[in-house]
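Please work through the exercises below with the sequence and the structure at hand, and try each task before reading its solution.

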Amino acid sequence: MSAWLPTAPCTPRDCSTHQGPAAGALTGAVRLLAGIGLVLAGALTAPFLRVLGGDVRDLLTRHWARTVLRLFGLRVRVVGEPAPRRGAGALVVANHVSWLDIPLLATVFPGRMLAKSEIRRWPLLGAMAALGGTLFVERERLRALPGTVRTLSTALADGSRVIVFPEACTWCGRDQGRFTTAVFQAALDADAAVRPVRITYRAPDGKPSGAPAFVGDDTITASLWRVVTAGGLTAEITVLPLIPAGRHTDRRELAADARSGIAHTVTDAAARTTVTHGVIHTAVASDSANRPSSSVHQCASSSPASASSARTRS
């Protein structure tokens, strides 16, 4: 395990709690079986989607991802700018909370995901990720980083939408990690725009819920059960204004700009909400109050929350 890999103070015991109603064991089991069944169906049909046009493939992917989340018991709320259509390559950067982030982003931004190489060896999900065009990175080999940046830059220059989690590890959603800057160099090299996106999971009262957080030494089994037995969860994705190509020439400045936008939430009072195909869409007029944020998967290591990091508890 490399010492340079990022860590977060979040742990399941301290952070993965849900302040809200709980679903019964029977409801949880039904949700779990239904959600996993649709994931399996997606894995089996993914190879056949390659023959379809890009717009049709995106539409089917959005509907599939939205239904997966719904079957696991989550509503989807899209806040901010409308979902963009296919066009020039763009780097989509988001904070990272959970494995749920991946289908959540796919409801708005179907694209190529950057994930750690270990995911390729995961049963089912690994094969599905590879079929979906996932770009894998060997995080423990620092020497592999320039090659990863070149791969990302090539994908962006070819017009692909690439989704990355610059925190490089998951946080519970109460705080936000530092952004690694290498992925932003790929955007600069490809002269591609950057789209910041903020992910928040909310309880029925609107407050952030820790149930979806996949942090520390959490297991996928425990995380799945925690999600399907939590009642009234909403997965919220805030689409922030595009950072156009050419605004920054330094990757650190570009990373800081994207991180600053993600660290802010939108003003609820200025929101206009509509519902389309079962998804809540909220158009907003302004950006304001500070609310700490969250980070494809857990950190390589995670240290217990200390007194100095007590603010990250949820």
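The exercises that follow concern a predicted model, and each is solved step by step.

**Exercise 1.** Determine where Asp 218 is placed, whether Asp 218 is buried or exposed, and which side chain makes a polar contact with the side chain of Asp 218.

*Solution.* Begin with the place: Asp 218 lies in the loop between strand S6, residues 193–202, and helix H8, residues 220–228. Next, the relative accessible area of Asp 218 is 10%, and because buried means under 20%, Asp 218 counts as buried. Finally, the side chain of Asp 218 makes a polar contact, at 2.5 Å, with the side chain of Arg 226.

**Exercise 2.** Carry out a similar analysis for Asp 205, and find how far Asp 205 is from Gly 232 in sequence and in space.

*Solution.* Asp 205 is also placed in the loop between S6 and H8. Its relative accessible area is 49%, so Asp 205 is described as partly exposed. A polar atom of the Asp 205 side chain lies 2.9 Å from the backbone nitrogen of Lys 207. As for Gly 232, the separation from Asp 205 is 27 residues in sequence, while the C-alpha to C-alpha distance is 8.9 Å.

**Exercise 3.** Establish how confident the predictor is over the protein, and where pLDDT stays under 50.

*Solution.* The average pLDDT of the protein is 76, and 69% of the residues score at least 70. Over residues 265–298, however, pLDDT stays under 50, although the model has 111 contacts beyond four places in sequence for this stretch. Residues 300–314 also have a pLDDT below 50, with 39 contacts in the model beyond near neighbours in sequence. Where pLDDT is low, predicted coordinates should not be read in detail.

Note on methods
Residues numbered from 1 in each chain as written. Predicted model: local features only at pLDDT ≥ 70, side-chain atom pairs only at ≥ 80, totals over all residues. Heavy atoms only, no water. Helix = DSSP H or I, 4+ residues; strand = E, 2+ residues; numbered from the N terminus. Buried < 20%, exposed > 50% of the residue type's maximum accessible area, 1.4 Å probe, protein only. Polar contact = N/O pair within 3.5 Å; in protein donor to acceptor, adjacent residues only side chain to side chain. pLDDT = per-residue confidence, 0-100. Contact = heavy atoms within 4.5 Å.
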